[in-house]
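Colleague: Please choose one part of this model and take me through it closely, residue by residue where that helps. I would like to see how that part is paired, which way its side chains point and what lies around it.

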Amino acid sequence: MTDLYLDNDVALQVLPILRAAGHGVWATRDLGRTRASDADQLLFAARNGWTLITHNRGHYVLLHDAWRRWSADWGVRTSHAGIVVAP
C-alpha cells in the first residue's frame with residue numbers, strides 16, 4: 001500500500017479510514033508541522049517517500065510544476081511520490 005501524508009486542510013476523520021484500507025498515514029498535525037509552508041510540506045513528504053494528500057489545488061499545482069522544472073538545481077530527486085488533490 002501507499003504511504004500517505006495529509007496536509008493541514010485534510011480532515012483528520014479520513015485518517016482511520018485510510019489506515020483501515022492498509023495505508024501508512026501521517027498528518028501534519030500529528031507530526032507538529034502545522035506551521036510549515038506548502039513547499040516544506042511537499043519536500044518533507046518527498047524525502048519520506050509519501051504521497052501528499054491536499055485540498056489546496058492552486059498551491060500544489062504550482063509547486064509540482066516548479067519541482068519538475070528545477071529539481072536538479074535544488075539537488076533533489078526529479079520525481080516525488082505524488083500529490084493527490086481531493087476536492
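Modeller: Helices here are DSSP runs of H or I with at least four residues, strands are runs of E with at least two, and both are numbered from the N terminus. Counted in this way, the chain of this predicted model has three helices and four strands, and from the N terminus on these elements follow one another as β-α-β-α-β-α-β. The radius of gyration is 13 Å, close to the 12 Å that the globule rule gives for 87 residues, so the chain is as compact as a globular protein of that length. Along its principal axes the C-alpha trace spans about 40 × 25 × 25 Å, and 32% of the 87 residues count as buried.

The part I would choose is strand E3, residues 51–54. The four strands make an open sheet with parallel pairing, in the order E2-E1-E3-E4, which places E3 between E1 and E4. Strand E2 (24–27) and strand E4 (83–85) are the edge strands, and each has a single partner, so one side of each is left without a neighbour in the sheet. From one strand to the next, the twist averages 25°.

Consider the two pairings of E3 in turn. Towards strand E1 (residues 3–6), the strands run parallel and are joined by three bridges, with isoleucine 53 as the bridge partner of leucine 6. Towards E4, the pairing is again in the parallel sense and again spans three bridges; here leucine 52 stands opposite isoleucine 83, while threonine 54 has valine 85 as its bridge partner.

The side chains come next. In a regular strand they alternate between the two faces of the sheet. In E3, Thr51 and Ile53 point one way and Leu52 and Thr54 the other way, and all of them are buried.

The two nonpolar residues of the strand can then be followed into their cores. Leu52 belongs to the largest nonpolar core, whose nine residues are Tyr5, Leu42, Ala45, Ala46, Trp50, Leu52, Tyr60, Leu63 and Trp67. Helix H2 and helix H3 (57–74) each supply at least two residues of this core. Ile53, by contrast, is in a second, separate core of seven residues, which also includes Leu6, Val25 and Ala27. In soluble globular proteins, nonpolar side chains tend to be buried together. Within the larger core, leucine 63 touches Leu42, and outside that core's list it also touches Asp38 and Ala39, when residues up to four places away in sequence are not counted.

A polar residue also reaches this part of the structure. Glutamine 41, found in helix H2 (residues 38–48), has a relative accessible area of 0%, and it is therefore buried. Beyond its neighbours within four places in sequence, glutamine 41 is in contact with Leu52 of the strand, as well as with Tyr5, Asp7, Asn8, Thr28, Arg33, Ala36 and Tyr60. With the side chain of tyrosine 5, the glutamine 41 side chain makes a polar contact of 2.6 Å.

Definitions and conventions: Residues are numbered from 1 along each chain as its sequence is written. This is a predicted model: local features need pLDDT of at least 70, side-chain atom pairs count only at pLDDT 80 or more; totals for chains, interfaces and linings use all residues. Side-chain values use heavy atoms; hydrogens and water are left out. Two strands pair if DSSP finds at least two bridges between them. Axes are lines fitted to C-alpha atoms, for helices over the stretch in contact, and angles run from 0 to 180 degrees between N-to-C directions. Buried means under 20% relative accessible area, exposed over 50%, partly exposed in between (1.4 Å probe, protein chains only). A polar contact is a pair of N or O atoms within 3.5 Å; within protein, one must be able to donate a hydrogen and the other to accept it, and residues adjacent in sequence count only if both atoms are side-chain atoms. Contact means heavy atoms within 4.5 Å. A nonpolar core is a set of buried Ala, Val, Leu, Ile, Met, Phe, Trp, Tyr and Cys residues joined through side-chain atoms within 4.5 Å. The radius of gyration is taken over C-alpha atoms; the globule rule is 2.2 Å times the number of residues to the power 0.38.
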